[in-house]
Amino acid sequence: MGITNIGIPGLIIILVVTLIIFGPKKLPEIGAAFGQTLSEFKKSASHLMSDSDESSSSKKTIDAPEEEKKDLPS
């Protein structure tokens, strides 16, 4: 049972309990704060995913120092 199985009755119960706890005046502030937090999380997640894609597509190779290259057979 995941969060996707809450359904409409579950959402209504959550909304009523939140309304009772915080009151109608604080509810818009809480919604705005939640929206900003969710937006930041999505931005960070997409940034991490794009960084991951870039690092996996471009493989970096480390060259040996010049002194070691002289000692290696050609």
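Here's a walk through this structure, from its overall layout to its pocket, its charged pair and a patch on its surface. Keep in mind that what you're looking at is a predicted model.

Let's start with the big picture. The protein chain has three helices and zero strands, so if you trace the sequence from start to finish, you meet the pattern α-α-α, with helices taken as runs of at least four residues. Two of these helices will keep coming up: α1, which covers 7-22, and α2, which covers 27-57.

Now, how much of the chain is hidden away? Of its 74 residues, 3% count as buried. The chain exposes about 7,100 Å² in total, and 65% of that comes from carbon and sulfur atoms.

Next up is empty space. Rolling a probe the size of a water molecule over the atoms shows where such space is left. Here, the largest pocket holds about 190 Å³. Which residues line the largest pocket? Look for Ile-14, Leu-15, Thr-18, Leu-27, Ile-30, Gly-31 and Phe-34. Both α1 and α2 supply at least two residues of this lining, but α2 gives the most, with four residues. As for chemistry, five of the lining residues are nonpolar, two are polar and none is charged.

Charges do turn up elsewhere, though. Side chains of opposite charge can pair when their charged atoms come close. In this model the count comes to one salt bridge, and you'll find it between Lys-26 and Glu-29, where the closest N and O atoms are 3.6 Å apart. The cut-off for such a pair is within 4 Å, so this one makes the count. Are these two partners buried or exposed? The answer lies in between: Lys-26 is partly exposed, with a relative accessible area of 45%, and Glu-29 is also partly exposed, at 49%.

Finally, take a look at the surface around α1. Ile-6, Ile-8, Leu-11, Ile-12, Ile-14, Val-16 and Ile-20 form a nonpolar patch there, and together they have about 670 Å² of accessible area. You've met Ile-14 already, since it is one of the residues lining the largest pocket. Leu-11 makes a handy example of a patch member: its place is in helix α1. Why can Leu-11 belong to a surface patch? At 48% relative accessibility, Leu-11 counts as partly exposed, and because a patch takes residues with over 30% relative accessible area, Leu-11 clears that cut-off.

Note on methods:
Residues numbered from 1 in each chain as written. Predicted model: local features only at pLDDT ≥ 70, side-chain atom pairs only at ≥ 80, totals over all residues. Heavy atoms only, no water. 1 Å grid on protein atoms, 1.4 Å probe; cavity = no way out; pocket = protein on both sides within 12 Å on 5 of 7 lines; lining within 4 Å. Points joined across faces, edges and corners; volume = space filled by probe spheres on them. Nonpolar A, V, L, I, M, F, W, Y, C, P; charged D, E, K, R; others polar. Buried < 20%, exposed > 50% of the residue type's maximum accessible area, 1.4 Å probe, protein only. Areas by Shrake-Rupley, 256 points an atom, 1.4 Å probe, with all protein chains shown as cover. Salt bridge = Lys/Arg side-chain N within 4 Å of Asp/Glu carboxyl O. Patch = residues over 30% accessible without salt bridge, like charges linked within 9 Å, V, L, I, M, F, W, Y side chains within 5 Å.
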